[in-house]
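Notebook open, viewer loaded. I'm jotting down what I look up as I go.

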Amino acid sequence: MTHEVQPDYIGAKMGMWLFLFTEILLFGGLFVLFAVHLSRYPAGFHAGSATLSVPFGSANTVVLITSSLTMALAVTAVQRGERRRTLALLGATVGLAGVFLINKFFEWSAKFQHGIYPGSEHMLEMEKGQAAFYAMYYAMTGLHGLHVVIGMCVIAWVMGLVAAGRVHRDRFVTLENAGLYWHLVDLVWIYLFPLFYLVT
């Protein structure tokens, strides 16, 4: 005789919130570092920000906010027992995350083509403030991009659980936690966008 082990809902939620707290500390430290460098090199940061594409950054902001909406709708759908709708919404979330990464790839590629990347001669010859801006830009948007990739993998894994019937209307804490993680990824970008693209 087999029986399904019931998940520890409160424990799972607490564990997720603790993990998210460590992520907030990580990005919070980087935000403080950004503020310190901005106060030291305001002209360099303004010059660096002027070279970034606001339309690209704005498009990516819209894409991530939309993906947060599809993620939230997926949680609602699973609570209603709508498996196909849940899978479709999770698929849309992963697709939008892919669009975000493609946009970011083109942005980074354009900078690389101009010789602006960590360790390049062009960056080494730059004024300190502008070089610090690009160093922060690659570090923070790169770390955020890594979190997007991890989020895509987590959501794809949850899609497998939903398809297999292991995540459903009576047992959806895994999907809820994946949603919390994705909302954090979205929230971090909402702070990164004005810092880098609108500082000028």
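Tyrosine 191 is my starting point: its relative accessibility is 49%, so I file it as partly exposed, since the cut-off for exposed is over 50%. I keep in mind that this is a predicted model.

Next I checked ring partners. My search of the whole structure gave 17 aromatic pairs. In one of them, phenylalanine 31 and tyrosine 191 sit 6.0 Å centre to centre with 50° between the planes, a tilted pair. This pair links distant parts of the chain, because phenylalanine 31 is in helix H1 and tyrosine 191 is in helix H7, 160 residues apart.

Then I looked at phenylalanine 112 and tyrosine 117, which are stacked at 5.0 Å and 25°. Both rings are partly exposed: I noted 40% for phenylalanine 112 and 32% for tyrosine 117. They also belong to one aromatic cluster, whose members include Trp108, Phe133 and Tyr137.

Is serine 68 buried or exposed? I found it buried, at 8% relative accessible area. Serine 68 is in helix H3, residues 54-79, and touches Trp182, His183 and Asp186.

On to helix H6. I counted 36 residues, from 128 to 163, reaching 52 Å from first C-alpha to last, close to the expected 52 Å. Glutamate 127 caps the N-terminal end of H6, with a side-chain oxygen 2.9 Å from the backbone nitrogen of glycine 129. Just after H6, I saw glycine 165 with a positive phi of about 80°.

Last, I looked at the UniProt record, an unreviewed entry, which lists transmembrane regions including 146-167 and 179-199. In the model, residues 146-167 are 82% helix, and residues 179-199 are 90% helix.

Conventions
Residues are numbered from 1 along each chain as its sequence is written. This is a predicted model: local features need pLDDT of at least 70, side-chain atom pairs count only at pLDDT 80 or more; totals for chains, interfaces and linings use all residues. Side-chain values use heavy atoms; hydrogens and water are left out. UniProt positions are given in the numbering used here, feature names are shortened, and annotations may be inferred rather than shown by experiment. Helices (H or I, at least four residues) and strands (E, at least two) are DSSP runs, numbered from the N terminus. The expected span of a helix is 1.5 Å times one less than its number of residues. A polar contact is a pair of N or O atoms within 3.5 Å; within protein, one must be able to donate a hydrogen and the other to accept it, and residues adjacent in sequence count only if both atoms are side-chain atoms. Buried means under 20% relative accessible area, exposed over 50%, partly exposed in between (1.4 Å probe, protein chains only). Contact means heavy atoms within 4.5 Å. Rings of Phe, Tyr and Trp (its six-membered ring) pair if their centres lie within 6.5 Å; planes under 30 degrees apart count as stacked, over 60 as edge-to-face and the rest as tilted. Lists of a residue's contacts leave out its neighbours within four places in sequence.
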